[in-house]
Amino acid sequence: MNHHSFIGLETVSSDVALRLPLSFRKLSESKASPVEGQILHFNPIYQGYINLHQSYRPISKMFTDAPRVVATSNVTEKVATTSSQYKMLSLAENSHKPFRLFSACFITQGHTRSLISDPQREAIYFVPVILGEILTKNQGLSFTQLVEKYGEANRSHLVEYFEFLLERQLIFFLEDDWEQSAFPALDLSAYESAPVIEHLILDIGQDTNYDPRIVLEQLKELGVFHVEIRYYTSVSLDKLSYLEALKDTMVKSVEVLLPYQTDYTPEFIKAQKLREKYPWLLQITFFDAPEAQEVKEQHLLLSYTPQTVSSAQHCGKIGYWAFANDLPMITLNQSHNSCLYKTMGIDENGFIKNCPSMQENFGHINNTSLTEAVAKPGFRKHWNTHKAQIEVCKICEFRDICSDCRAYTQNDDPYGKPLKCGYDPYVGEWITNTQLIEQTNLTITQ
Ligand code: SF4
Ligand code: SF4
């Protein structure tokens, strides 16, 4: 679904059993800083394992907070799959060789714990902060050198860490000097994609008086990949005929969100053969549905949720569902805003904005073209606000895989934590919706 082009990223094998070097560029020197006299404690928190099956830039998922992530403690099964095909490297036989984290794996240091994300295998692992530090600052050293550095008293902890990493094929050992420079880290500093706008959001409500076709007919010029259409009032599926205007555009996916009606059963929707009419249509989400369910039919996902959605104010919720454990998201988060970069929204009243929930507009769709709007000063104001600049997020272990929201922020601070994020990285815990409402005075409809 997501085929952005990148500078500095090379193809990753989709065969999860293989770990191949990703590129052959000069290795940048890593500087190790010693941690003296510190006892390393094994922290069982890292046993947590989460499978993330997310597509890139999950903006639509921030509207309804139905979790689509399977939280599992199924580490044993995952390990069994990999180790049955590959012999686990022995620490005893390799303890004198420099170790290296695989280029396809990334460490994000957090306040209470750190995260190793392995997008190639769709996995993330929580690890103690000290293990994240060891991996970040000491690559190029051998296990024996690490024991010298951290002290004999920490040997058993280091053995435990290495066995954990080897078992999950997160690290490997370098055989000779040539290999020192043959497996450099991926360069995540540049995210590049061809479209002027990648993601377009159209909001349609009771008072909407613009024609969506006028918007869609302009998408070719901007190269838009993803379109999200959000209806806040009942609509007949026949009205979606304007989607025909996407023929011969670059659009790869369309998601539609609309209120449930009693006849919108999966059987009825299937009978409409929408995928045949609009091959770009990937998902329809029905809110106000009697019960939550998901049905997939010929690549069209029908998602039903009992939640109520009545306006753009429902957007911006951040939970596990706002994570995307993939290279585009991880790269984007280093220097750009993971929600607003190359995003454009048309609000219910036809005003062109960076996202429909924002106050500032850059013209009306009836008298301004999308190309004119994106060229206006200020349109790109939030595009480069990235996680390392955002309060609280900058110490959060999820910051590389998390989406962002600048429309609703703590204290309305342009660099404040997203207001509707339910995670507190200072204690490493998710707070409940009730606590979130108390802390933020938000109204969150279930
Ligand atoms: S900035 Fe916030 S409100 Fe706007 S689209 Fe992104 S998540 Fe939604
Ligand atoms: S604190 Fe920031 S990075 Fe962490 S989960 Fe919340 S929004 Fe995402």
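Two residues count as in contact here if their C-beta atoms, placed from the backbone, lie within 7 Å. With that in hand, take the whole chain of this predicted model: among contacts between residues at least 6 apart in sequence, 73% join residues at least 24 apart. The chain carries 13 helices and 17 strands, and 40% of its 446 residues count as buried.

**Stop 1: the sheet**

Select the strands E12, E13, E11, E10, E9, E8, E14 and E15. In that order, these eight strands form an open sheet with mixed pairing. Now colour E12 (293-297) and E15 (352-353): they stand at the edges, and each has a single partner strand, so one side of each has no neighbour in the sheet.

Next, go inside the sheet and pick up E8 (residues 199-204). E8 runs parallel to E9 (residues 226-231), and six bridges join the two. To see one of these pairs, show Ile201 with Glu228, its bridge partner in E9.

Step on from E9 to E10 (residues 253-259). These two also run parallel, this time joined by five bridges. His226 is a handy marker, since it stands opposite Ser253 in E10.

One more step takes you to E11 (residues 281-287). E10 and E11 pair over six bridges, again in the parallel sense; show Leu257 together with its bridge partner in E11, Thr285. Before moving on, look at how E10 is covered: five of its seven residues are buried.

**Stop 2: the nonpolar core**

Which residues have the most contacts inside the largest nonpolar core? Select Ile116, Leu200, Val224 and Val254, the ones that lead within this core of 94 residues. Then add strand E6 (residues 123-127), which gives the most to this core, with five residues.

Zoom in on Val224. Leaving aside residues up to four places away in sequence, Val224 touches Pro195, Ile197, Glu198, Leu200, Leu219, Thr249, Met250 and Val251. Leu200, in that list, is another of the residues with the most contacts inside the core.

**Stop 3: a helix with two sides**

Select helix H4 (residues 143-150) and show side chains. Phe143, Leu146 and Tyr150 are buried. They sit on the same side of H4, because they cover an arc of only 50° around the axis. Spin the view to the other side of H4 and you come to Thr144 and Glu148, which are exposed.

What covers the buried residues of H4? Bring up helix H2 (91-94), strand E3 (99-101), helix H3 (129-137) and helix H5 (155-167), which are among the covering elements. Just after H4 comes Gly151, with a positive phi near 100°.

**Stop 4: the two ligands**

Centre on ligand 1. It has 11 residues around it, and the closest are Cys315, Cys339, Cys355, Ser357 and Cys405. Colour this shell by residue type and you get eight nonpolar, two polar and one charged.

Now hop to ligand 2, where 13 residues make up the surroundings; Cys393, Cys396, Cys402, Cys421 and Tyr423 are the closest. The shell of ligand 2 splits into 10 nonpolar and three charged residues, with no polar ones.

**Stop 5: three loop residues**

Start with Ile401, in the loop between helix H12 (370-375) and strand E16 (423-424). Is Ile401 buried or exposed? Ile401 is buried, because 25 other C-beta atoms lie within 10 Å and the cut-off for buried is 20 or more. Draw a C-alpha to C-alpha distance from Ile401 to Pro328: they are 73 residues apart in sequence and 9.5 Å apart in space. Setting aside residues up to four places away in sequence, Ile401 touches Ser117, Phe323, Ala324, Asn325, Met329 and Ile330.

Stay in that loop between H12 and E16 and select Asp412. Asp412 is not a glycine, yet its phi is positive, at about 55°. Most residues other than glycine have a negative phi. Asp412 is exposed, since its count is 8 other C-beta atoms within 10 Å.

Finish at Lys342, in the loop between helix H11 (327-335) and strand E14 (343-346). Lys342 is not a glycine either, and has a positive phi of about 55°. Unlike the exposed Asp412, Lys342 counts as buried, with 25 C-beta neighbours inside 10 Å.

How values were computed: Residues are numbered from 1 along each chain as its sequence is written. Chains are lettered from A and ligands numbered from 1 in the order in which they are written. This is a predicted model: local features need pLDDT of at least 70, side-chain atom pairs count only at pLDDT 80 or more; totals for chains, interfaces and linings use all residues. A nonpolar core is a set of buried Ala, Val, Leu, Ile, Met, Phe, Trp, Tyr and Cys residues joined through C-beta atoms within 7 Å. A residue is buried if 20 or more other C-beta atoms lie within 10 Å of its own, exposed if 12 or fewer, and partly exposed in between; C-beta atoms are placed from the backbone. Helices (H or I, at least four residues) and strands (E, at least two) are DSSP runs, numbered from the N terminus. A residue is near a molecule or strand if its C-beta atom, placed from the backbone, lies within 6 Å of it. Ala, Val, Leu, Ile, Met, Phe, Trp, Tyr, Cys and Pro count as nonpolar, Asp, Glu, Lys and Arg as charged, and the others, Gly among them, as polar. Two strands pair if DSSP finds at least two bridges between them. The arc is that of the directions from the helix axis to the C-beta atoms.
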